[in-house]
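This report describes one protein chain, with the sequence and the structure shown below. It covers the packing of helices, the sheet, one strand residue, an aromatic pair and the confidence of the model.

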Amino acid sequence: MKYLCQVWLEPSVLERMRKEEKNKLDRDSLGYDEDLVSSGHMIHAEALQSPKSAVTIRVRNGEVSVTDGPHAETKEHLGGFILIKANDLNDAIRVAAGIPLAKLGSIEVRPVYTFG
């Protein structure tokens, strides 16, 4: 089964980190991605740019509106995601708990809906 691991964190956490700490976090994250590839869990992973670069699109009554920034003001923002294969929710939770950013933010694990 597929699970989406959404990585949520407060921007200030990363902003407060020294360059060496950020570099270590990057190395640890990429290393964990390699572990997931080796174990057969990894489908795809991406880090996202700041919410400041986002736009939100809405279509109402055939009219498209575009606003700068994320849909809602939140303390945490979506920093990236890892799409994994796991045997079940417990396996997905175990995998998500190993994501290095889980120590700084939170990981939302959500099963992917299968049509048909």
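## Helices on the sheet

In this predicted model, helix 2 (residues 19–39) lies across strand 2 and strand 5. The direction of helix 2 is at about 165° to strand 2.

Helix 3 (residues 89–97) also packs on the sheet, where it touches strand 1, strand 5 and strand 6. Its direction makes about 155° with that of strand 6.

## The sheet

The sheet is open and is formed by 4 strands, in the order 2-5-1-6, with antiparallel pairing. At its edges are strand 2 (42–47) and strand 6 (106–111), each of which pairs on one side only. On average, neighbouring strands of this sheet are turned by 20° against each other, direction ignored.

Strand 1 (residues 2–9) and strand 5 (residues 77–85) run antiparallel and are joined by 8 bridges. Within strand 5, L83 stands opposite L4.

## G79 in strand 5

G79 belongs to strand 5. Is this residue, G79, buried or exposed? The relative accessible area of G79 is 16%, and buried means under 20%, so G79 counts as buried.

Leaving aside neighbours within four places in sequence, G79 is in contact with V7, L9, A47 and L48. Of these, V7 and L9 fall in the range of strand 1 (residues 2–9), while A47 falls in that of strand 2 (42–47). S50 is 29 residues from G79 in sequence, and the C-alpha atoms of the two are 7.4 Å apart in space.

## The aromatic pair

How many aromatic pairs does the structure hold? There is 1. The pair is formed by Y113 and F115 and is edge-to-face, at 4.9 Å centre to centre with 80° between the planes.

Both partners lie above the cut-off for exposed residues, which is over 50% relative accessible area. Y113 counts as exposed because its relative accessibility is 62%. F115 is likewise exposed, with a relative accessible area of 75%.

## Confidence

The protein chain has a mean pLDDT of 93, and 97% of its residues reach 70 or more. Confidence in the chain is highest in helix 3, at 98, and lowest in helix 1 (residues 11–15), at a mean of 89. Where pLDDT is low, predicted coordinates should not be read in detail.

Key
Residues numbered from 1 in each chain as written. Predicted model: local features only at pLDDT ≥ 70, side-chain atom pairs only at ≥ 80, totals over all residues. Heavy atoms only, no water. Pairing = 2+ DSSP bridges. Helix = DSSP H or I, 4+ residues; strand = E, 2+ residues; numbered from the N terminus. Axes fitted to C-alpha atoms, helices over the stretch in contact; angles between N-to-C directions. Contact = heavy atoms within 4.5 Å. Phe/Tyr/Trp six-rings, centres within 6.5 Å; stacked < 30°, edge-to-face > 60°. Buried < 20%, exposed > 50% of the residue type's maximum accessible area, 1.4 Å probe, protein only. pLDDT = per-residue confidence, 0-100.
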